[in-house]
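Open the model in your viewer and keep the sequence panel beside it. The tour below goes from one selection to the next and says what is there.

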Amino acid sequence: MKCIIIDDEPLAIEILSGYCEKLDFLELVNTYTNPLDAITEIKDKKIDLIFCDIEMPQINGIDFMGTLDNRPLFIFTTAYSQYAVDGFELNAVDYLVKPIPYHRFIKSVSRVQDIISKKEKPTMIANVFPSNGDNSIDKKFIFVKAEYESIKIDLDQIEYVQGLKDYLKIHICNTNKTILTLMSFKEIMNKLPSNQFLRVHKSYIVNVNYIKTVQRNRIVISDMRIPIGESHKEAFYSILGL
């Protein structure tokens with residue numbers, strides 16, 4: 001898996017380069033302190049993954065990634081958590097906040113490896129209807145089993161998912177409709193893209209696009225107030241830049 005690093009801080013490049021060297025499946029092709037210098041490399045070579053900083057003097061990393069046509073998969077690496085939502089709107093695979101722990105780095109690149117692996121298997125159903133164990137960035141819908149059928153659900157229609165013992169209740173936006181499915185949180189999280197859905201409590205997953213307000217330890221979606229669990233609080237606030 002070929003990758004490049006774009007960051008205006010030499011120390012950040014040194015740390016990420018060291019991380020890359022430890023993984024056999026990663027090939028670090030080049031590093032850049034100026035994003036504009038990387039354009040030719042991206043266009044001329046088959047780059048699978050870009051690690052890109054956001055706050056850089058030449059051009060903002062979010063703006064830079066937005067200018068690329070047919071851009072490779074990419075992970076934002078930054079010291080500023082407030083850009084997380086903007087980053088995920090560009091379909092970033094992940095958003096790593098500096099200082100980046102090695103275990104978080106491994107988790108992110110493993111996710112990229114899974115995405116690429118799925119795309120390279122055209123005979124698999126997952127390539128046509130990608131199930132999001134890889135958190136595939138082009139995912140638009142999922143299928144869930146309810147009673148004796150599999151129901152197609154558009155991701156943008158899911159407001160939140162609620163746990164009810166052995167079942168999950170999927171709440172559909174602008175309707176009173178819910179879908180009850182025998183599925184664990186782990187199973188459905190493997191189907192849902194992490195740039196859109198967050199586990200905020202042991203009993204709730206939310207679609208960040210439907211969050212109206214955050215009130216202390218609660219999220220307001222429609223007329224529902226969803227609690228933020230203590231073990232999920234730090235990640236939730238970090239991702240949303242709160």
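Two strands pair if DSSP finds at least two bridges between them. Helices (H or I, at least four residues) and strands (E, at least two) are DSSP runs, numbered from the N terminus. The model is predicted: local features need pLDDT of at least 70, side-chain atom pairs count only at pLDDT 80 or more, and totals for chains, interfaces and linings use all residues. Residues are numbered from 1 along each chain as its sequence is written, and side-chain values use heavy atoms, with hydrogens and water left out.

**Stop 1: the whole protein**

Show everything as a cartoon. The secondary structure comes to 8 helices and 15 strands. Of the 242 residues in the protein, 47% are buried; buried means under 20% relative accessible area, exposed over 50%, and partly exposed in between (1.4 Å probe, protein chains only). Now turn on the surface. The protein exposes about 13,100 Å², and carbon and sulfur atoms supply 48% of that area. Accessible areas come from the Shrake-Rupley method with a 1.4 Å probe, and for residues only the protein chains shown count as cover.

**Stop 2: a sheet of three strands**

Select β13 (213-215), β14 (218-221) and β15 (224-227). They form an open sheet in the order β13-β14-β15, with antiparallel pairing. Strands of a sheet pair through backbone hydrogen bonds, either parallel or antiparallel. Which are the edge strands here? They are β13 and β15, each of which pairs on one side only. From one strand to the next, the twist averages 30°; axes are lines fitted to C-alpha atoms, for helices over the stretch in contact, and angles run from 0 to 180 degrees between N-to-C directions.

Zoom in on β14 and β15, which are joined by 4 bridges. Val220 stands opposite Arg225 in β15.

**Stop 3: two residues with positive phi**

Stay in this region and select Arg216, in the loop between β13 and β14. Its phi is near 55°, a positive value in a residue other than glycine. Most residues other than glycine have a negative phi, and most peptide bonds are trans. Is Arg216 buried or exposed? Arg216 counts as exposed because its relative accessibility is 77%.

Next select Lys165, in the loop between β8 (158-164) and β9 (167-172). Lys165 is not a glycine either, and its phi is positive, about 55°. Its relative accessibility is 89%, so Lys165 counts as exposed.

**Stop 4: a cis peptide bond**

Select Lys98 and Pro99. The peptide bond from Lys98 to Pro99 is cis, with omega near -5°. Pro99 is found in the loop between β5 (94-97) and α5 (102-119).

**Stop 5: salt bridges**

Keep Lys98 selected and add Asp7. Their side chains meet in a salt bridge, at 2.7 Å from N to O. The pair links distant parts of the chain, with Asp7 in the loop between β1 (2-6) and α1 (10-21), Lys98 in the loop between β5 and α5, and their positions 91 residues apart. A salt bridge is a side-chain nitrogen of Lys or Arg within 4 Å of a carboxyl oxygen of Asp or Glu. Asp7 is buried, with a relative accessible area of 0%, and Lys98 is buried too, at 18%.

Add Glu9, which also forms a salt bridge with Lys98, the closest N and O atoms being 3.9 Å apart. Glu9 counts as partly exposed, at 41% relative accessibility. Add Asp53 to complete the group: Asp7, Glu9, Asp53 and Lys98 are linked in a network of salt bridges.

For another pair, select Lys46 and Asp48, whose side chains meet in a salt bridge at 3.6 Å from N to O. Lys46 counts as exposed, at 62% relative accessibility, whereas Asp48 counts as buried, at 14%. The structure holds 7 salt bridges.

**Stop 6: the nonpolar cores**

A nonpolar core is a set of buried Ala, Val, Leu, Ile, Met, Phe, Trp, Tyr and Cys residues joined through side-chain atoms within 4.5 Å. Select Leu26, Leu49, Phe51 and Phe105, which touch the most other members among the 20 residues of the largest core. The largest share of this core, 5 residues, comes from α5.

Finally, center the view on Phe51. Leaving aside its neighbours within four places in sequence, Phe51 is in contact (heavy atoms within 4.5 Å) with residues including Ile5, Leu16, Ile75 and Val109. A second, separate core of 19 residues includes Ile6, Tyr32, Ile50 and Met65.
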